[in-house]
Structures are given as C-alpha cells and as structure tokens.
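The following paragraphs lead through a protein structure, beginning with individual residues and then turning to the chain as a whole. The reader is invited to keep the sequence and the model in view throughout.

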Amino acid sequence: MPQLPHYRDPNMIEPLLLTSARIVTFFNQQLLTNASGFFFERNDRLFVVTSRHVVCDLASLHQPNRIEIELHMDADNLAESTGFSIPLYIDGKSTWREGLDNAGNIDVAVIEIDRTALPEEAIYHAFTPEHLLGHFDQVEVGTSLLVVGFPLGFHDTLSHMPVVRHAIIASSFGLRFQGNGYFLTDARTHRGTSGAPVVMRIEHPDDEHTELPWMLLGIHSARLDVGSRDQLVDEALGLNCAWYADILLTLTEN
C-alpha cells in the first residue's frame, strides 16, 4: 500500500495558518503562560501583535520580561521550527506599544521585530493595512468568522500549526460595544487564544488579496461573562471581546 507523504508542499499550506504565532511568556527562564499572536507588516516594518494582558497584567501579577514566538524554518519540512526570543523591556522601558481611548486601556499590544535578527529561513505570512476594513458597513451581524490561535497552548505539535475556531459576529459591527473599542463574537474559546486574529474570508479577492484572501477584523481578547450569572445554574454566555483591528494603524505609525 503506498505511503502518504509526511508533509504537504509548503506552497499548498494555507497562508492564513502561517500568519499566527504561538507565544510563550517568560520571566527570565521561568515559563509563565501560553498565548496567541500574529504578524502585521507596514512599510517594510514587521510587528507581532497580541493582547496587552499577555505582556503585562498587573491585576493578576503577570509580569513577564520576554516572550518567545515559534517560527517555521524549513519550507520542505514544517516540523522544523525554532523559538525566537523578544525582550519586553530594554533599559527599563517597555518595548511594546499599547493604546488608550476615552473608555480606558485597549487590550492590544504591538511589538516591532528586528528583521535583521530574524533567521533568514523563517517562514511566515503577515497581514498588512490592505487587510483592514475601510468601511464597517461591509460587515453584518451574524457574519461568519475564524479565530486562528492556540487555545490552552494546543496546536499541531508535529507541524507547529495553529488551530481554527469558527465564530460569528454577535454585536453590531462598527459600534463600540458598551462604549468600548471592541465588538462581540460568538465562539467557543479558551485561555491561550488571547491575541489571536479574528478574520473574515474575502469571497472574490482582488490582486492585492490573492495570496492572503482574508480581512483582519479584530484581535481576540477574552471571554465575556455576566457578573450576576449563577455558575451552578446558568451556562456561560459563550461570547467574546474582539478589539477592532484598525487600532493597528495607530500603534504601527512611525
């Protein structure tokens, strides 16, 4: 009986899966948490995007001083990967950028990656400003989405690929839910999904989107719960917060 190949042609791997990176937080050499992130490119500058609470969350005493992202290294063997360490502080100053609006802190963090320090063999795809929506009325409530990440750190441990969860838009897209800069999704998510890209398929991609035919709508932050819920009687809502992705235009300005 013929053997199936162990690996697909990397040119056949869906580019969306190569936009996301597994993030591990550390304090020196002590492993702290798992999270999700993704690559964003603007004007030849490369960034990794995740949730702000992944890099610092004083409320839970979570204060890592570096993160590691996992990179694929061999186009012919996706099982070969390496960890790439990124400091969160240099000379006592934080290396990430975060946002603030009139409702408070925005749970998004952006860290610029020194391209010269990246391994030349690194394989990834990055979203760009062309993957952001120009008009919010292009999206309706109930629209089908995907959340690409690493729930509970779970992933394909052979090819080091993320997994994808299905979601739908659960609030009026373009409106700030309860005055905050996020919209709601209806999806089953877990710890470790924080920082994952929330994307919508482009049905008829133009030339700019042929290689990566997805619109980046948001950055998954956290599950949303109701403080009055009786945990013995009522099920969790199953709703999540996703910060509008246009904040990346502000956070990646020169």
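Cys 241 is buried, because its relative accessible area of 8% falls under the limit of 20%. Cys 56 is likewise buried, with a relative accessible area of 7%. The model in which these residues are seen is a predicted one. How many disulfides does a search of the whole structure find? The search returns 0. Cys 56 takes part in no disulfide, and the cysteine sulfur nearest to its own, that of Cys 241, is 19 Å away. Seen from the other side, Cys 241 is also in no disulfide, with the sulfur of Cys 56 as its nearest cysteine sulfur at 19 Å. A disulfide would require two cysteine sulfur atoms within 2.5 Å.

A second buried residue offers a way into the strands. Thr 185 belongs to strand E12, which covers residues 182-187. With a relative accessible area of 2%, Thr 185 counts as buried. Which residues are in contact with Thr 185, once its neighbours within four places in sequence are left aside? They are Leu 145, Ala 167, Ile 168, Ala 170, Val 198, Gly 238, Leu 239, Asn 240 and Ala 242. By contrast with these contacts, the C-alpha atom of Ala 126, a residue 59 positions from Thr 185 along the chain, is separated from that of Thr 185 by 23 Å.

Thr 143 can be read alongside Thr 185. The two residues are 42 positions apart in sequence, and their C-alpha atoms are 9.7 Å apart in space. Thr 143 is found in the loop between strand E9 (104-113) and strand E10, the latter covering residues 144-149. Although placed in a loop, Thr 143 is buried, its relative accessible area being 18%. Beyond the neighbours within four places in sequence, Thr 143 is in contact with Ala 167, Ile 168, Ile 169 and Met 200. Ala 167 and Ile 168 also appear among the contacts of Thr 185.

The loop that follows strand E10 presents another picture. It runs between E10 (144-149) and strand E11 (163-169), and Leu 152 lies in it. Is Leu 152 buried or exposed? Leu 152 is exposed, with a relative accessible area of 53%. Its phi is positive, at about 55 degrees, although Leu 152 is not a glycine. Most residues other than glycine have a negative phi. Phe 154 lies in this loop between E10 and E11 as well, and at 52% relative accessibility it counts as exposed. Leaving aside the neighbours within four places in sequence, Phe 154 is in contact with Gly 149 and Val 163. Phe 154 and Glu 98 are 56 residues apart along the chain, and 27 Å separates their C-alpha atoms.

A positive phi is also found at Asn 28, where the value is near 55 degrees in a residue other than glycine. Asn 28 is placed in the loop between strand E1 (20-27) and strand E2 (30-42). With a relative accessibility of 44%, Asn 28 counts as partly exposed. Ser 94 is partly exposed too, at 38% relative accessibility, and it belongs to strand E7, which covers residues 93-94. Not counting residues up to four places away in sequence, Ser 94 touches Leu 88 and Tyr 89. The C-alpha atoms of Ser 94 and Thr 157 are separated by 31 Å, the two residues being 63 positions apart along the chain.

These residues may now be set within the whole chain. The secondary structure comprises 2 helices and 15 strands. The radius of gyration is 18 Å, close to the 18 Å that the globule rule gives for 254 residues, so the chain is as compact as a globular protein of that length. Along its principal axes, the C-alpha trace spans about 55 × 50 × 45 Å. Of the 254 residues, 47% count as buried. Among the contacts with a separation of 6 or more, 66% are between residues 24 or more positions apart.

The surface and the charges complete the account. The chain exposes about 13,600 Å², of which carbon and sulfur atoms supply 50%. Its side chains include 16 positive and 34 negative ones, and the centres of the two sets lie 7 Å apart.

Definitions and conventions
Residues are numbered from 1 along each chain as its sequence is written. This is a predicted model: local features need pLDDT of at least 70, side-chain atom pairs count only at pLDDT 80 or more; totals for chains, interfaces and linings use all residues. Side-chain values use heavy atoms; hydrogens and water are left out. Helices (H or I, at least four residues) and strands (E, at least two) are DSSP runs, numbered from the N terminus. The radius of gyration is taken over C-alpha atoms; the globule rule is 2.2 Å times the number of residues to the power 0.38. Buried means under 20% relative accessible area, exposed over 50%, partly exposed in between (1.4 Å probe, protein chains only). Contact means heavy atoms within 4.5 Å. Accessible areas come from the Shrake-Rupley method with a 1.4 Å probe; for residues, only the protein chains shown count as cover. Lys and Arg count as positive and Asp and Glu as negative; His and the chain ends are not counted. The place of a charge is taken as NZ of Lys, CZ of Arg, CG of Asp or CD of Glu.
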